[in-house]
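Here's a quick briefing to read alongside the model. Have the viewer open and follow along.

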Amino acid sequence: MIGQRHYPNQVRIPMYPQPMNNPLNPLDIEAIRNDFSILKEENDLPLIYLDSAATSQTPDCVIEAMDAYYRTYNSNIHRGIYRISEEATAKHEEARQRIGRFINARRPSQIIFTRNTTESINLVAYSWGSANLREGDEILVTVMEHHSNLLPWQLLSQRTGAKLRFIEITDEGVLQLDDLERLLTERTKIVAMTHVSNVLGTINPVQELIAAAHAVGAKVLIDGAQSVPHFDVDVQELDCDFLAFSGHKMCGPTGIGVLYGKSDLLEEMPPFLGGGSMIRSVQRESSTYADVPAKFEAGTPAISEAIGLAAAVDYLNKVGLEAIFVHEQELLEYAHQKLNEIEDITIYGPKPRQKTGAITFNLEGIHPHDLAGVLDTVGVAVRAGHHCAQPLMQKYGVIATVRASFYLYNKLDEIDTLHEGLLKAQRMLTRRRR
Ligand code: 7TS
């Protein structure tokens, strides 16, 4: 369930899953950490992994599921008339079902396997976009998009003459919705927006925006790369037309992503890539295509990765998304409190409870890359850079920031080490002495 909060403009803003505090269901962090071999590796320093927004760590159960495929039934799918190929096909299609259930898709055929979020969005922009957009139409995005949810639309705009328009954000890092009526009109054909900002962690009020977009006849693509891993995303409740996400940010492997789409849209969309597996029959000059989802899955797919992603989904279900969300809130509250104690720090974006997963900041006079380098000397892995969100960086007038991002396996004392690392960087790299 999504919690509700009222904004002055009467837009109902879903902020976070409820309940926020569920003392009956706290995470057993030590048991969870035990599920991740990489966190138990013996190194000079323990790994303090605060870069899950880039790629999350992989629990052993996911590695084992993929290992079992290669060790015991490695074969191509949908073609072999022999035991192990049938087993691989069954496991691959079962994975589709489990992943579909995870986002509450009506049917497994609405789950299209891609390589990642980027490919899922490109698929929609090329296939649906090229068939449906023309000069005079508009594409509405936000300034907080990851480049993966901007470049495909820029390219579409260049191909079709459709115009890109932007929802701005406030200084606090939430969407500025007061001029939505001006931006969202009958010219708008698609709204493509992130559910959660990969830089700020802001949770956007997508359910209300989807309803508003549908009211003017626009379709909506939600970039779920940073939401699906962190809280319950229900495509039927949201009523989005498309949802894109990546396996490697939700305890799954790299090389597998998902595009969910409404069936009627997927059925009328032309293929994206041509090749084996996506055809019904082929003649010299033309062909007919397989049904959805095969129509969009040309070539041999990432078989073990789909099986691994299904294992990841089972793992997240077992731990409980709600408990994960509450745990992340606790980490964020503590991180805000500790980092706010540091002088000359600028923290970007909203406060905890309006966001999930990440805290993004700069220390005056220190380049983010230098800061990340010093943090590495105390074992802390963070991301420094523009985070593939340059328009957002421009909004804040910076080239880059440091981002610490959290997931189910992070502990409060890791934030203490982050804090100490930042003070160390200030001692080393500025004239400030502490
Ligand atoms: N959309 C959002 C919101 C993202 O955070 C990312 C990746 C993508 C799309 C692209 O995902 P991919 O799996 O296709 O690469 N974000 C990040 C990040 O914040 N740091 O590294 C990758």
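The notes below cover the ligand site and then the nonpolar core.

Keep in mind that this is a predicted model. Two topics stand out here: a ligand with 17 residues around it, and a largest nonpolar core of 80 residues. Both the ligand shell and that core draw at least three residues from each of the two domains, domain 1 (4-57 + 320-429) and domain 2 (61-317).

**Who surrounds the ligand**
- Out of the 17 residues around the ligand, the nearest are T118, D223, S246, R383 and R403.
- Sorted by type, the shell has 10 polar residues, four charged ones and three nonpolar ones.
- Domain 1 (4-57 + 320-429) and domain 2 (61-317) each supply at least three residues to the shell.

**Polar contacts and cover**
- D223 puts a polar side-chain atom 2.5 Å from a ligand nitrogen.
- R403 has a polar side-chain atom 2.6 Å from an oxygen atom of the ligand.
- In the side chain of H248, an N or O atom sits 2.7 Å from a ligand oxygen.
- On its own the ligand has 490 Å² of accessible area, and the protein covers 90% of that.

**The largest nonpolar core**
- Among its 80 residues, I99, I103, L243, M250 and L408 are the ones that touch the most other members.
- Helix α10 (residues 303-319) gives this core its largest share, 11 residues.
- This core, too, takes at least three residues from domain 1 (4-57 + 320-429) and at least three from domain 2 (61-317).

Technical notes: Residues numbered from 1 in each chain as written. Predicted model: local features only at pLDDT ≥ 70, side-chain atom pairs only at ≥ 80, totals over all residues. Heavy atoms only, no water. Near = heavy atom within 4 Å. Polar contact = N/O pair within 3.5 Å; in protein donor to acceptor, adjacent residues only side chain to side chain. Areas by Shrake-Rupley, 256 points an atom, 1.4 Å probe, with all protein chains shown as cover. Nonpolar A, V, L, I, M, F, W, Y, C, P; charged D, E, K, R; others polar. Domains from an automatic or database assignment. Core = buried A, V, L, I, M, F, W, Y, C linked by side-chain atoms within 4.5 Å. Buried < 20%, exposed > 50% of the residue type's maximum accessible area, 1.4 Å probe, protein only. Helix = DSSP H or I, 4+ residues; strand = E, 2+ residues; numbered from the N terminus.
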